[in-house]
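Let's take a walk through this structure together, with the coordinates open beside the text. Keep your viewer handy and colour the chains separately if you can.

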Amino acid sequence: MEPLNLAVIVKLEPDFSEGNVSYKPDGTLNRNETKNTLGPHSGIAAKAAFYAKVKYDAKISVCSMGPPLAELALEQAQQTCDADVLHLYSDRIFAGADTLATAETLRTGITDKMEGKMDIVFSGHRASDGETGQTGPQTAWKLGFTFLGNVISYDVNLEKRTVVAKCLLTLNGVPNVVEEIEAPLPVFISIDPSYKSNYTTVSQRIAFEKYQKEAYERAKNYKQYLKVYNIDELGVDKTLVGLAGSPTIVYQVERIPKGKATRQAEVLDGSNPEHIRKAVAKMKEALSAMVIK
Amino acid sequence: MSEDWRCSGCDSCKTECEAYSHVYVIMEHIDGKILPVSLEMLGEARRLFDDYNARYSSNEKVVAVILGNDIKDFSKELIEYGADIVVCADHPELKDLRNTIHTKVVSQIALDKEIASKIEPNYAKQFKKPRYIFFAADSIGRHLSSTVLVELESGLASDINKLVIKDLNVTHQIKTDGKATDFKKTLEMYRPDFSGFLWTTILCLNNTTPAIKREYYPQGCSIIPGVFEPIKPDPKRSGEIIFYEPKIEKNDLKVKVLSHKIIKSEVDFEIRKAVVSFGRGIKDAPDENIKLVTELAKQLDAEIGISLPISKKLLPASQSISSTYMIPARVIGTSGSKISPMLYVAVGISGAMQHIAGMQDSEFVVAINPDENSPIKNECDIFINGRMEDVIPLLVEELKKQQQVVQAG
């Protein structure tokens, strides 16, 4: 049986966690003052890949398109999934790419620069800072892989070379649905935020600890595993990447106008017992009102 | 007309521009029900195109595209809700949602000249692709839109909550080689950013620079559910139904949906009269403050909701608190549930637009917030000025007291 060959695509993002994030007085992100980190959804994708390492002894390559700084995301991803190979596709020409152009860069890296054919490629559900989950499925389609989205758990049948994945569909106006989908390899899996790895056997737990230790050691020397490719080294079609390969542009950014006040608020002082009594009385009244909708 | 004719977006052409025409709106349905977002998208497409056809003296259509098995009955409803044309791909293998097959069939329909000639014979000769294409920004449409737009080699903007069609003059260093260029009938796609305070307008534009000249149609977007109003259904509206026989490749049938289970959520906003929600205001002591919120909710017999940033689990909280309360199922807003309880209490929520959209239909709204300038003040009936740490214990105490009075009485 051939070992599984996996790739994970990750992204460096602003760190929105308390203490690291900085907002301007108007409530928008202060990018200069905000630290960067491996995107949380990318982190979950790395965790999902690690599951295959523990369970199936898979080989993992992690790649990212971004500025030189994005090494940090690769280092953190390696610490999570014990990656064997790290790729950074970095060139000024890539800057400003929309998701279609980004997908072309990632596709080229995965197809041409990674060793062997991929069995599964993982991505996060979405980025936290704008990109809305298109890069994964767009890369999948360019790779020609079956795309499985919103995956909350998965298992691989190494003999049949198939994946069975559980996918969570969240839809407005109807209850959620979980579907179990079977697909032949290769597949592209976009990981749902509620994904969990379940290590059920003793041998899995032992493997988990072994690889976790290895991951920690490797990440300390992550540069040893890292290859950085510029546009020429990657050999990608220059008209299909960066701004030239992006159908969409950001035309303008504006503050969302405040809606007109829809209600006239009565302002109460939270430290005044009389006001608190009034608030409670009003709340009770609201709950007991007969409302005909 | 030569085969490689390209619309340059210039003034001189009239009928030629119809190489790209109509808006195709991709419908979603599950378990025998059309999803509300589909009708909302049709409503917005209808409004945009009534205005568009009047402004440009054209006769372009709102085309609803629906895929599935045994779905013919939906067509009439879609016409009542604003579609001029329903393209219906009814096939047993389309019963399940499989991204590869659905992507290919939607793309086939988008490129099919025969369908185009049935939609509007006058534009059919020049037809290449739809001008615009709309999807829902949900678990189905987000991914389907992504893969379809790769197949159609065009641009996509996700999670849109405002659409405008305009003639624009744009200068772009790469796309237009730095030259001011006219782009007619361009779809301005507005996307609220993660904070809910900024709007980014995204355009899908042709490259006019000679070295990278390329046409990007359809201009695609996915639309946030709950944003647009459906039109009032009109049983007298007339429209045409076009049946399309999809071409399905054998190899794609190897992907199988083994099971399909409807999940009952542990969170149910519908059965409670009251909802208490919390936001980033809990940040000083997440665990303790969430406990305070749960006490208040208990007194009011309320379900607990959260604002979107909370679901991103960026605040340090214990595992049990985090996995019970900081979950997407509790999010109120355009990225979560739209609710209308009799009482809504917003604790430490500043009131980003995307949150307001989820709670503004509540009957009575109370906000607890130390900042009188937060936007939530405009959306509430009572604004209790103070820190939640101080205010909630007083409210809980008072609620208990009044409860005792009722029981004693």
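What follows moves from the interface between the chains to the strands and helices that build it, and then to packing inside single chains.

Before anything else, please keep in mind that this is a predicted model. A good place to start is the meeting of the two chains, where 79 residues of chain A are in contact with 92 residues of chain B. On the chain A side, the elements giving two or more residues include helices α3 (99-113), α4 (135-143) and α7 (273-288). Strands take part as well: β7 (146-157), β8 (162-169), β9 (176-184), β12 (248-255) and β13 (266-269) of chain A are also on that list. Sorted by class, this side of chain A has 39 nonpolar, 23 polar and 17 charged residues.

Some of these strands pair across the interface, so to speak hand in hand with the partner chain. Look at β9(A): seven bridges join it to strand β13 (residues 256-263) of chain B, and the two run antiparallel. To find the spot in your viewer, select A:Glu179, which stands opposite B:His260 in β13(B).

Now turn to β12(A), which is joined by seven bridges to strand β10 (residues 198-204) of chain B, again in an antiparallel arrangement. Here A:Arg255 stands opposite B:Leu198 in β10(B). Which strands make up the open sheet that contains this pair, and in what order? There are four, in the order β12(A)-β10(B)-β9(B)-β8(B), with antiparallel pairing. The edges are held by β12 of chain A and by β8 (162-170) of chain B, each of which pairs on one side only. On average, and with direction ignored, neighbouring strands of this sheet are turned by 30° against each other.

Helices meet across the interface too. The axes of α4(A) and helix α6 (residues 141-151) of chain B come within 8 Å and cross at roughly 45°. Why is this pair called oblique? An angle under 35 degrees would count as roughly parallel, and one from 65 to 115 as roughly perpendicular; the crossing angle therefore makes α4(A) oblique to α6(B). The crossing of the two is right-handed. From α4(A), the contact is made by A:Pro137, A:Gln138, A:Trp141 and A:Lys142, and from α6(B) by B:His143, B:Ser146, B:Thr147, B:Val150 and B:Glu151. By class, the residues of this contact are three nonpolar, four polar and two charged.

For a helix pair within one chain, go to α2 (residues 71-81) and α5 (residues 202-220) of chain A, which pack at an angle of about 160° with their axes 7 Å apart. Since angles over 145 degrees count as roughly antiparallel, α2(A) and α5(A) are therefore roughly antiparallel to each other. Their crossing is right-handed. In this contact, α2(A) supplies A:Glu75, A:Gln78, A:Gln79, A:Thr80 and A:Cys81, while α5(A) supplies A:Ala215, A:Tyr216, A:Arg218 and A:Ala219. These residues divide into four nonpolar, three polar and two charged.

Finally, step over to chain B, which is divided into domain 1 (15-254) and domain 2 (274-408). The C-alpha centres of these two domains lie 38 Å apart. Eight residues of domain 1 of chain B are in contact with seven residues of domain 2 of chain B. On the domain 1 side, the touching residues comprise four nonpolar, four polar and no charged.

Technical notes:
Residues are numbered from 1 along each chain as its sequence is written. Chains are lettered from A and ligands numbered from 1 in the order in which they are written. This is a predicted model: local features need pLDDT of at least 70, side-chain atom pairs count only at pLDDT 80 or more; totals for chains, interfaces and linings use all residues. Ala, Val, Leu, Ile, Met, Phe, Trp, Tyr, Cys and Pro count as nonpolar, Asp, Glu, Lys and Arg as charged, and the others, Gly among them, as polar. Domain bounds come from an automatic or database domain assignment. Axes are lines fitted to C-alpha atoms, for helices over the stretch in contact, and angles run from 0 to 180 degrees between N-to-C directions. A crossing is left-handed if the near helix is turned anticlockwise from the far one by less than a right angle, and right-handed if clockwise.
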